[in-house]
Amino acid sequence: MQRLKSLDPADAPAKSAELLGDIVERRGSAGPMVSAMANSPALLQGYLDFSRAMKRAKLPRALGEKISLALQEWIGCALCLEAHTRAAQAAGLSDNDIALARQGTSTDRREAALIAYAVRVLAEPSSIGDEDVAELRRHGWSDQLIADTVGLVSLNLLTGSFNLVAGLEPAPAEQSTKEKHDHVG
């Protein structure tokens, strides 16, 4: 059950109304998470800026989705899992890749190391030390990608936590299918 109400631009605080208006103008709708974030203009602005910034991260899209799936499995946000599963499929990941990512791993040892690191950043960041970073470098990960992964973890924590607090859940399958048809036609 949704606990925080979704706002339309007309009902939102001034700054949120401006941000929502821009999103609706560009995309046609804002979506449930962004509409609920509109209750806090500071949160909405921060999320949008952070999300845009992370789109410039150097992580390959498919790997970023694997990491997001592992993180959201741990966080427990069903709405995020659904969204990242769709994004992973769109990025060309197989059902097996998606299942492994949700378990926090990959068939590729390099990717598995980065995914495991991301989960540790989320679950126990104080446990990460010099040897952990050195191990990531031995797998060929640059300092930029190691840092970008922390950013991706932070973004996933923000969205997953917000959706859980706001009570946002995936639409029932029948409604979800109808919504897809409504957007296509």
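Colleague: What makes you say that the radius of gyration of the protein chain agrees with a compact globule?

Modeller: This is a predicted model, and its chain has 185 residues. The globule rule takes 2.2 Å times the number of residues to the power 0.38, so a compact globule would come out near 16 Å. The protein chain has 17 Å, which agrees. Along the principal axes, its C-alpha atoms fill a box of roughly 50 × 35 × 30 Å.

Colleague: Good. Why is the pattern of the protein chain written with α and nothing else?

Modeller: A helix has to be a DSSP run of at least four residues, and a strand a run of at least two. The protein chain has 10 helices and zero strands, so the pattern reads α-α-α-α-α-α-α-α-α-α.

Colleague: How do you know what share of the residues is buried?

Modeller: A residue counts as buried when its relative accessible area is under 20%. By that cut-off, 41% of the 185 residues are buried. The accessible surface comes to about 10200 Å², and carbon and sulfur atoms hold 54% of that.

Colleague: And which domains does the assignment give, and how many residues of each take part in the contact?

Modeller: The assignment gives domain 1 (9-55) and domain 2 (61-166). Eight residues from domain 1 and nine from domain 2 make the contact, which means they have heavy atoms within 4.5 Å. The domain centres, over C-alpha atoms, are 25 Å apart.

Colleague: What about charge: how far apart are the centres of the positive and negative sets?

Modeller: They lie 3 Å apart, with 20 positive and 24 negative side chains in the protein chain.

Note on methods. Residues are numbered from 1 along each chain as its sequence is written. This is a predicted model: local features need pLDDT of at least 70, side-chain atom pairs count only at pLDDT 80 or more; totals for chains, interfaces and linings use all residues. Side-chain values use heavy atoms; hydrogens and water are left out. Buried means under 20% relative accessible area, exposed over 50%, partly exposed in between (1.4 Å probe, protein chains only). Accessible areas come from the Shrake-Rupley method with a 1.4 Å probe; for residues, only the protein chains shown count as cover. Lys and Arg count as positive and Asp and Glu as negative; His and the chain ends are not counted. The place of a charge is taken as NZ of Lys, CZ of Arg, CG of Asp or CD of Glu. Domain bounds come from an automatic or database domain assignment.
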